Amino acid sequence: MKIGKKTINANTPTVFIADIAANHDGNLNKAIDLIHSCAEAGADVAKFQHFEAETIVSDKGFKDLKIKKSHQMKWKKSIFETYRDASLPLEWTRTLKKECNKANILFSTSPYSLDLVDYVDKYVSFYKIGSGDITWHEILDKISKKNKPLVLATGASTLKEVSLAVKKIEKNKKEYVLMQCNTNYTNNKSNLKFINLNVLRLFKKQFPKAILGLSDHTQGHATVLGAITLGARVIEKHYTLNNNLNGPDHAFSMNYNSWKDMISYSRDLEESLGNSKKKIEKNEVETVVLQRRSIRLNRSIKKGSVLKKSNLICLRPCPNDAIQPYNIKKVIGKKINRDLSKHDYLRWKDVKK
């Protein structure tokens, strides 16, 4: 799969998406600063969210719930007002795209209406579909018909719902990322026990055409390292300039320093994962000699003597031409064809056939 100039497969470096979301706080300059900050911190993509309050939430619907739930409990304004204030003005899009180009970073977004899917098409190299729209098959169908890769988050969904969404996508699209996700935004450390990274193993088996990914809202980057180990090659985390700012997404977002740490540890992990071939590596060649035992004499013996178990001892080191300890039964009872001193090691040419 390719997004922009980046190829993504099981053997390529992980792609990191900085989800700026609503952290621009309605300020274009802050949105631009976020782009350049996340690029400098090592992000590959700056991702925004295109929505209008009227086409994503029902003011009456949330008011009829009577109470705010989960992360929305801390919102001082109504749900509708919060979404309205967090919406991204459409006239920013061209500027944000240009700034991403300047920062040498990809621009992407999650469009939250059918009309916005068409509007952002000329700006994005791939689409991101948020977990909340996994059951809205109309938008899945529309986006999957675009000639671009897509990324689907699967938070707060069942395997059946994921399967139905994937089935809809695969009718039109071969290139897609399937992200394990937990959509709890409370910034509670206890959320770690609900991340279920092993779902990535299930996705790999159930949906072999998918590139694996993780969309995450927990503190730190422990989940990211685990996901990469399990095969995820696209990671999405929220990004902010300051975790102490007001706004719905700042508290659980990564900042410049924590993002840089995440990238650094992730690149170290990728280097250490290597491949699945078990062999003696180049940097172990000398250690093989130093750490392994070889069959040695525990006393001096003369040429023509018969080797007995009581004559032998296994000790380090093990030169390349030494007989390995697992062959000890093959040499017992054999005659040696030269004098050997105590702690000399046995070679096959020392033993008469």
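This report describes the overall form of a predicted model, its two largest pockets and the setting of one exposed lysine.

**Overall form**

The secondary structure of the protein comes to 12 helices and 12 strands. The radius of gyration is 30 Å, whereas the globule rule gives 20 Å for 353 residues, so the protein is more spread out than a compact globule. Taken along the principal axes, the box that the C-alpha atoms fill is roughly 100 × 40 × 40 Å. Of the 353 residues, 45% count as buried, and the protein exposes about 18900 Å², of which carbon and sulfur atoms supply 49%. Among the contacts with a separation of 6 or more, 65% are accounted for by residues that stand 24 or more positions apart.

**The pockets**

Rolling a probe the size of a water molecule over the atoms shows where empty space is left. The two pockets with the largest volumes are set out below, with the make-up of their linings.

| Pocket | Volume | Lining residues | Classes in the lining |
|---|---|---|---|
| Largest pocket | about 950 Å³ | 39 residues | 17 nonpolar, 15 polar, seven charged |
| Second largest pocket | about 630 Å³ | 26 residues | nine nonpolar, 11 polar, six charged |

The largest pocket holds about 950 Å³ of space, and the residues of its lining that come closest to its centre are H71, Y83, Y112, G132 and Y185. Three elements, namely strand 4 (45-50), helix 3 (79-86) and strand 10 (234-238), each supply at least two residues of this lining, and the largest share, three residues, comes from helix 3.

In the second largest pocket, which has a volume of about 630 Å³, the residues that lie nearest the centre are K74, W75, N246, G247 and P248. Its lining has 11 polar residues beside nine nonpolar and six charged ones, while the lining of the largest pocket divides into 17 nonpolar, 15 polar and seven charged residues.

**The setting of K145**

K145 has its place in the loop between helix 6 (137-144) and strand 7 (150-153). Its relative accessible area is 56%, and because a residue counts as exposed when this value is over 50%, K145 is exposed. From K145 to V331 the distance, C-alpha to C-alpha, is 70 Å in space, and the two residues are 186 residues apart in sequence.

Key. Residues are numbered from 1 along each chain as its sequence is written. This is a predicted model: local features need pLDDT of at least 70, side-chain atom pairs count only at pLDDT 80 or more; totals for chains, interfaces and linings use all residues. Side-chain values use heavy atoms; hydrogens and water are left out. On a 1 Å grid over the protein atoms alone, a cavity is a set of points where a 1.4 Å probe fits but cannot get out, and a pocket is an open set with protein on both sides within 12 Å along at least five of seven lines; lining residues have an atom within 4 Å of a point. Grid points are joined across faces, edges and corners, and a volume is the space filled by probe spheres set on the points. Helices (H or I, at least four residues) and strands (E, at least two) are DSSP runs, numbered from the N terminus. Ala, Val, Leu, Ile, Met, Phe, Trp, Tyr, Cys and Pro count as nonpolar, Asp, Glu, Lys and Arg as charged, and the others, Gly among them, as polar. The radius of gyration is taken over C-alpha atoms; the globule rule is 2.2 Å times the number of residues to the power 0.38. Buried means under 20% relative accessible area, exposed over 50%, partly exposed in between (1.4 Å probe, protein chains only). Contact means heavy atoms within 4.5 Å. Accessible areas come from the Shrake-Rupley method with a 1.4 Å probe; for residues, only the protein chains shown count as cover.
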